[in-house]
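Here is a short report for a reader meeting this structure for the first time. Please look over the sequence and the model before reading on.

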Amino acid sequence: MRSSELLLLKFFFFFVVFFSPISIEFQVEGAFVGTYGINYGRIADNIPSPDKVVLLLKQAKIRNVRIYDADHSVLEAFSGTGLDLVVGLPNGFLKEMSSNADHAFTWVKENVQSFLPKTRIRGIAIGNEVLGGGDSELSGALLGAAKNVYNALKKLNLEETVQITTAHSQAVFENSYPPSSCVFKENVVQFMKPLLEFLNQIGSPFCLNAYPFLAYTYNPKEIDINYALFKPTEGIYDPKTDLRYDNMLDAQIDAAYMALQDAGFKKMEVIITETGWASKGDSDESAATPENARTYNYNLRKRLAKKKGTPLRPKTVLKAYIFALFNENSKPGKSSEKYFGLFKPDGTISYDIGFNSLKSDATKSLISSSKAARYYAALVISLSVYLLMI
């Protein structure tokens with residue numbers, strides 16, 4: 001081969017690899033990229049298969065996804081998709097993982113390491129809403145489980161790749177109104193402080209499940225629904241901090257920041273791991289309507305897109321996972337629990353906040369583009385091998 005031809009081929013190879021929109025990612029970007037994520041709950045017998053869910057998420061351009069277990073069919077479906085996934089270690093596993101480090105190591109090896117790097121597992125949520133729930137044995141096992149799972153990640157050299165977190169409900173707070181008065185409950189502090197010390201050491205955030213819908217449902221006479229829905233309102237004024245709040249979610253987040261500050265963790269970031277609004281409920285859940293759900297989720301999406309912080313932490317950009325991707329017909333509890341989904345089981349939208357339904361033509365288009373991407377990547381690899389042989 002003439003030198004001019006070889007030079008031309010090498011230039012083409014350089015251009016393809018470094019300027020192509022298709023790239024192979026080796027560097028971890030963190031557990032949460034951007035500001036908008038979603039919870040993919042699966043307590044239902046009529047939702048789409050994980051493969052179709054991937055197509056729906058790509059169509060909606062939602063990259064950050066949380067699941068509540070480590071189901072292998074889901075992890076396989078997310079392989080090679082570029083979507084960032086947080087898997088869950090269910091509450092029922094905590095006592096075992098806390099008391100047996102070997103079991104924690106095996107769990108991480110089988111449910112996390114074996115799927116990396118093709119499935120972009122970026123975090124492990126250790127339990128969900130454990131503290132403040134009244135089970136002291138479970139509360140006592142949370143920290144031990146988190147440490148054993150983290151140590152397993154270290155043994156596998158994954159501690160810089162996969163983040164450890166745990167999500168809390170507002171039941172951990174003594175009082176959250178006004179935000180400046182918020183502290184952790186006395187019976188929670190004994191478990192919370194050592195947990196926060198550990199999370200602070202490994203650089204993890206404080207994860208909060210915050211629901212203005214629930215706050216309003218419990219106190220409809222005292223709370224302006226416009227304040228809960230991000231609609232124009234007088235809001236509230238906190239005299240201690242001299243801050244005004246025009247929506248409840250910001251106030252709930254700043255209340256968490258104040259509780260963290262009181263506990264000695266002023267610099268810890270707060271991330272919302274669940275928030276949403278039900279579109280249907282029982283007779284005592286009159287605010288659970290499609291219109292209110294649409295209003296909350298539409299305004300929340302706009303709020304997150306602004307990439308701004310809260311009144312107390314204006315420079316810390318708010319990140320939130322929406323609850324939830326689908327309505328889940330098998331969830332226990334009040335009727336509202338079944339109707340938090342942005343999408344119905346068949347993939348059509350529950351209400352319009354700017355996302356499209358999972359349509360057959362869109363699905364075909366995504367499959368076609370995925371096949372084209374794989375073909376293109378194979379072509380690049382083949383060309384690189386050929387050049388190395390010259």
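The report goes from the overall fold to single strands, helices, cores and unusual backbone spots.

**Overall fold**

The model is a predicted one. The protein has 390 residues, and 48% of them count as buried. Its secondary structure consists of twelve helices and ten strands. Eight of the strands form a closed barrel with parallel pairing, in the order β1-β2-β3-β4-β5-β6-β9-β10. From one strand to the next, the twist averages 25°. Contacts often span long stretches of sequence: among those between residues at least 6 apart, 69% join residues at least 24 apart.

**Strand β5 and its neighbours**

Strand β5 covers residues 163–168, and five of its six residues are buried. It pairs on one side with strand β4, residues 120–128, in the parallel sense over four bridges. The route from β4 to β5 passes through helix α6, residues 136–155, and this β-α-β crossover is right-handed. Two of the partners can be named. Ile124 has Ile164 of β5 as its bridge partner, and Asn128 has Ala167 of β5.

β5 also runs parallel to strand β6, residues 206–209, and two bridges join them. Here His168 has Leu208 of β6 as its bridge partner. Helix α7, residues 186–201, completes a right-handed β-α-β unit with β5 and β6.

As for side chains in general, those in a regular strand alternate between the two faces of the sheet.

**Helix α2**

How many residues of helix α2 are buried? The count is eight of the eleven in residues 50–60, so the helix is largely enclosed by the rest of the structure. The buried ones are Pro50, Val53, Val54, Leu55, Leu56, Leu57, Gln59 and Ala60. Just after α2 comes Lys61, with a positive phi of about 60°.

**Helix α10 and Leu249**

Helix α10, residues 248–263, lies across β6 and β9 and runs at about 135° to β9. Leu249 is found in this helix. Is Leu249 buried or exposed? Its relative accessibility is 1%, so Leu249 counts as buried. Leaving aside residues up to four places away in sequence, Leu249 touches Ala210, Pro212, Phe230, Thr275, Tyr296 and Leu300. Ile272 is 23 residues from Leu249 along the chain, and their C-alpha atoms are 9.6 Å apart.

**The nonpolar cores**

The largest nonpolar core has 113 residues. Tyr40, Val87, Ile124, Ile126, Phe184 and Phe206 touch the most other members. Helix α10 gives this core its largest share, eleven residues. A second, separate core has five residues, among them Val86, Ala125, Ile271 and Tyr321.

Which residues does Val87 touch? Beyond four places in sequence, the contacts of Val87 are Ile67, Asp69, Ala70, Leu75, Trp107, Val112, Ile121, Gly123, Ile124 and Ala125.

**Thr310**

Thr310 sits in the loop between α11 and β10. Its relative accessible area is 4%, so Thr310 is buried. The side chains of Thr310 and Asp254 are joined by a polar contact of 2.5 Å. Asp254 is also one of the residues that Thr310 touches, together with Asp250, Ile253, Tyr257, Arg303 and Thr316, not counting residues up to four places away in sequence.

**Unusual backbone spots**

Most residues other than glycine have a negative phi, and most peptide bonds are trans. The table lists four departures.

| Site | Backbone feature | Loop |
|---|---|---|
| Lys61 | positive phi of about 60° | between α2 and β2 |
| Leu116 and Pro117 | cis peptide bond, omega about 0° | Pro117: between α5 and β4 |
| Asn157 | positive phi of about 60° | between α6 and β5 |
| Phe323 to Ala324 | cis peptide bond, omega near 10° | Ala324: between β10 and α12 |

Are Lys61 and Asn157 buried or exposed? Lys61 has 74% relative accessibility, so it counts as exposed. Asn157 is exposed too, with a relative accessible area of 64%. Neither Lys61 nor Asn157 is a glycine.

Note on methods
Residues are numbered from 1 along each chain as its sequence is written. This is a predicted model: local features need pLDDT of at least 70, side-chain atom pairs count only at pLDDT 80 or more; totals for chains, interfaces and linings use all residues. Side-chain values use heavy atoms; hydrogens and water are left out. Buried means under 20% relative accessible area, exposed over 50%, partly exposed in between (1.4 Å probe, protein chains only). Two strands pair if DSSP finds at least two bridges between them. A crossover is right-handed if, with the strands pointing away from the viewer, the path from the first strand over the helix to the second runs clockwise. Axes are lines fitted to C-alpha atoms, for helices over the stretch in contact, and angles run from 0 to 180 degrees between N-to-C directions. Contact means heavy atoms within 4.5 Å. A nonpolar core is a set of buried Ala, Val, Leu, Ile, Met, Phe, Trp, Tyr and Cys residues joined through side-chain atoms within 4.5 Å. A polar contact is a pair of N or O atoms within 3.5 Å; within protein, one must be able to donate a hydrogen and the other to accept it, and residues adjacent in sequence count only if both atoms are side-chain atoms.
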